[in-house]
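Here is a short briefing to read alongside the model. Have a look at the structure first, and then we can go through a few of its features together.

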Amino acid sequence: IPSIPPTSTLYEMFVDVKHQTMDQWDSVVPAFEYVPGSSYLSILVPTVDTVRYSFLLDACLDIGKSVLFTGESGAGKTAVVQALMSKNADVKSIVPVSVVFSAQTSSLQTQTMIEGKLEKRRKTIFGAPPGKKMVLFVDDVNMPAREVYGAQPPVELLRQFQDFSGFYDRDKWFWKEIVDVNLVCACGPPGGGRNPVTPRFIRHFNVLCIPPGSGDVLRGIFASILGGFLEKDFVKDVAVLTPRIVKS
């Protein structure tokens, strides 16, 4: 039986299958390396939460299970998904496709976007390029406006894809079967333009809630970014001010 390291909860630990031990997540958080010229929105500072949820997402995608990330704005849902898809693009032959829903998104727009990324395998079968798998990431999936009967047409289209692995061609009315495509979604809690999503859609997902970062986590993120920037372009006397600037 592996020994359990001292920690506050079991959620802070993971099972290291290779060494048959239980370790803490913070022991495998990689060091952050600042890359000059990077877009601010593309920067992801590794934390316990990003490592933990990236591992869970990767495990689900390996076995073809859909994942839904939820949590408050700014928790890092989008960053975790996009960073993992970018990392796996070459390593695991993943074709990443991202789309962001808004209140004006229609089911026709959604279907046209998905079909534009697929390749024709046979007469009625479409999917990712041969030898690859596509990960379709839908951000703000609960944003589309409800129609008169309460449904959200873009969400219902995705639900049909989840239920039956395809949808109908809108011109010739034949059934299009879709293969080698995995769905990952992210959404915030209802309110502020976001709507509750039908349980018939949610039931297809492994739902993971990313908590907002604690004060210590946020300070660590800001210190990593600012410190990397100051160390690259400023003299040492300025770089050492990072902790005081972040604290202020």
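The notes below cover a sheet, some cysteines and a cavity.

This is a predicted model. Its open sheet is built from 5 strands with parallel pairing, and the count of disulfides comes to 0. There is also 1 cavity of 30 Å³ or more.

**The sheet**
- Reading across the sheet, the strand order is S4-S7-S10-S3-S11.
- The edges are strand S4 (94-100) and strand S11 (205-209), each of which pairs on one side only.
- On average, neighbouring strands of this sheet are turned by 20° against each other, direction ignored.
- Strand S3 (residues 66-70) pairs with S11 over 5 bridges in the parallel sense.
- Within this part of the sheet, Thr70 stands opposite Cys209 in S11.

**The cysteines**
- With 0 disulfides counted, Cys187 is in none, and its nearest cysteine sulfur, in Cys185, is 7.9 Å away.
- Cys187 is buried, at a relative accessible area of 8%.
- Why does Cys209 form no bond with Cys187? The closest cysteine sulfur to that of Cys209 is the one in Cys187, and at 9.6 Å it is too far for a bond.
- Cys209 counts as partly exposed, with 48% relative accessibility.

**The cavity**
- The largest cavity holds about 30 Å³ of space.
- Its lining consists of Ile114, Leu136, Leu158, Phe161, Phe167, Ile178 and Val181.
- By class, the lining of the largest cavity has 7 nonpolar residues, with no polar and no charged ones.

How values were computed: Residues are numbered from 1 along each chain as its sequence is written. This is a predicted model: local features need pLDDT of at least 70, side-chain atom pairs count only at pLDDT 80 or more; totals for chains, interfaces and linings use all residues. Side-chain values use heavy atoms; hydrogens and water are left out. A disulfide is a pair of cysteine sulfur atoms within 2.5 Å. Buried means under 20% relative accessible area, exposed over 50%, partly exposed in between (1.4 Å probe, protein chains only). On a 1 Å grid over the protein atoms alone, a cavity is a set of points where a 1.4 Å probe fits but cannot get out, and a pocket is an open set with protein on both sides within 12 Å along at least five of seven lines; lining residues have an atom within 4 Å of a point. Grid points are joined across faces, edges and corners, and a volume is the space filled by probe spheres set on the points. Ala, Val, Leu, Ile, Met, Phe, Trp, Tyr, Cys and Pro count as nonpolar, Asp, Glu, Lys and Arg as charged, and the others, Gly among them, as polar. Two strands pair if DSSP finds at least two bridges between them. Helices (H or I, at least four residues) and strands (E, at least two) are DSSP runs, numbered from the N terminus. Axes are lines fitted to C-alpha atoms, for helices over the stretch in contact, and angles run from 0 to 180 degrees between N-to-C directions.
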